[in-house]
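Hello,

Here is the structure I said I would pass on. Please open it first, then read the notes below with the chain in view.

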Amino acid sequence: MAAPGAEVGKDPVMSPMPSELQTERLVLRRWRAADREPFAALNADPVVMEHFVAPLARAESDDLVDRIEDHFDQEGWGLWAVEVTETSRFIGFTGLWPATFEAPFTPAVEVGWRLAQEGWGRGYATEAARASLRDGFERFAFDEVVSMTSLTNTRSQRVMQKLGMTRDPADDFDHPNVPDGHRIQRHVLYRLTRP
Ligand SMILES: CC(C)(COP(=O)(O)OP(=O)(O)OC[C@H]1O[C@@H](n2cnc3c(N)ncnc32)[C@H](O)[C@@H]1OP(=O)(O)O)[C@@H](O)C(=O)NCCC(=O)NCCS
C-alpha cells in the first residue's frame with residue numbers, strides 16, 4: 001500500500017522544497033506577513049530574550065524574517081515559522097540555520113528555536129526540532145547538526161538533551177558575537193550525527 005499522501009511521481013520526502021512540515025500538534029511553514037507582528041512582540045520580550053545580548057527592535061525583527069525567507073529561497077531549508085495546528089496561532093520559530101561565525105566547529109548547520117512564552121512548557125520546541133532535524137538529515141543529508149546556547153540557558157540545553165544531542169565540555173566556547181565579559185559569553189555546543 002502506498003504511504004499516506006504518496007502519489008506517483010510526487011514523493012513528499014524527496015520534494016526539493018516543501019513549503020511545510022507537519023507534526024502531531026504543529027505546522028512548520030514558510031513565513032507570512034501576519035507573523036511579523038507576533039514575532040516582533042516575542043523578540044521584544046525580555047523573558048524570551050533573557051539569554052541574548054538584547055531584545056530586538058521591530059526593524060531588527062523584520063530584518064531577521066527577511067533573512068530567513070531569503071535563505072529558504074536560496075537553500076530550501078531554514079528556520080520555520082511554527083504554528084499550533086489546533087489554534088492556528090503563530091508561536092515562533094524552530095529549524096536549521098547556518099553557523100558561520102569564527103569557531104573551531106564552524107561552518108556548521110545549527111538547529112535552533114525561539115518561542116513566545118505562551119508556547120513554552122508544552123514540548124512544542126522539541127517536537128518541532130525533531131521534525132526539522134529529520135528533514136535536514138533526510139532531504140539534505142547533513143552529516144551533523146549542532147546546537148549552541150549560553151551556559152545560562154538551561155531550558156534550551158534540556159531541549160538539546162531531549163533531542164539526543166550530546167555535549168563535550170571541551171567544545172565549550174566564548175561566542176565571538178558576544179561582548180567580552182558579558183554574562184552570556186560562554187556557550188555550550190551540542191552535536192547530533194545523522195542517524
Ligand atoms: C528554549 C525554549 C524553546 C524551550 O521551551 P520549552 O517549552 O521549555 O521546551 P519544550 O518545548 O521542549 O517543552 C518542554 C516542557 O514541556 C513540558 N510538556 C508539557 N506537555 C508536553 C508534551 N505533550 N510533550 C513534551 N513535553 C511536554 C515538559 O514537561 C517540559 O517541561 P520541563 O522541562 O519543565 O519539564 C523556550 O524556553 C524559548 O523559546 N526560550 C527563549 C528563546 C531561546 O532561549 N532560544 C534558544 C536560544 S539558543
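**What was found**

Please keep in mind that this is a predicted model. The notes go through a cis peptide bond, two residues with unusual backbone angles, a charged patch and one methionine.

Start with the backbone. The peptide bond that runs from Thr106 to Pro107 is cis, and its omega is near 0°. Pro107 sits in the loop that links β4 (89-99) to β5 (108-115).

Next come two residues with a positive phi. Ser88 is not a glycine, yet its phi is positive, at about 60°. Ser88 belongs to the loop between β3 (79-84) and β4. Ala141 is not a glycine either, and its phi is about 55°. The loop that holds Ala141 lies between α3 (124-139) and β6 (144-150).

Are these two residues buried or exposed? Neither word fits, because Ser88 has a relative accessibility of 48% and counts as partly exposed. Ala141, at 39% relative accessibility, is also classed as partly exposed. The cut-offs explain this: buried means under 20%, exposed means over 50%, and partly exposed is what falls in between.

Now look at the surface. Which residues form the positive patch? They are Arg130, Arg134, Arg155, Arg158 and Lys162. Two helices, α3 and α4, each supply at least two residues of this patch. The most comes from α4, which gives three residues. Lys162 is placed in helix α4. With a relative accessibility of 49%, Lys162 counts as partly exposed, because a residue must be over 50% to be called exposed.

Last is Met165, in the loop between α4 (154-162) and β7 (166-167). Its relative accessible area is 4%, so Met165 is buried. What does Met165 touch, apart from its neighbours within four places in sequence? Its contacts are Val111, Val145, Val146, Ser147, Met160, Tyr190, Arg191 and Leu192. To compare with a residue elsewhere in the chain, take Leu42, which is 123 residues away from Met165 in sequence. The C-alpha atoms of Met165 and Leu42 are separated by 26 Å.

When you go through the model yourself, a workable order is the cis bond before Pro107, then Ser88 and Ala141, then the positive patch, and finally the contacts of Met165.

Regards

How values were computed. Residues are numbered from 1 along each chain as its sequence is written. This is a predicted model: local features need pLDDT of at least 70, side-chain atom pairs count only at pLDDT 80 or more; totals for chains, interfaces and linings use all residues. Side-chain values use heavy atoms; hydrogens and water are left out. Helices (H or I, at least four residues) and strands (E, at least two) are DSSP runs, numbered from the N terminus. Buried means under 20% relative accessible area, exposed over 50%, partly exposed in between (1.4 Å probe, protein chains only). Contact means heavy atoms within 4.5 Å. Patches are made of residues with over 30% relative accessible area and no salt bridge: like charges are joined within 9 Å, nonpolar side chains (Val, Leu, Ile, Met, Phe, Trp, Tyr) within 5 Å. Accessible areas come from the Shrake-Rupley method with a 1.4 Å probe; for residues, only the protein chains shown count as cover. A salt bridge is a side-chain nitrogen of Lys or Arg within 4 Å of a carboxyl oxygen of Asp or Glu. Lys and Arg count as positive and Asp and Glu as negative; His and the chain ends are not counted. The place of a charge is taken as NZ of Lys, CZ of Arg, CG of Asp or CD of Glu.
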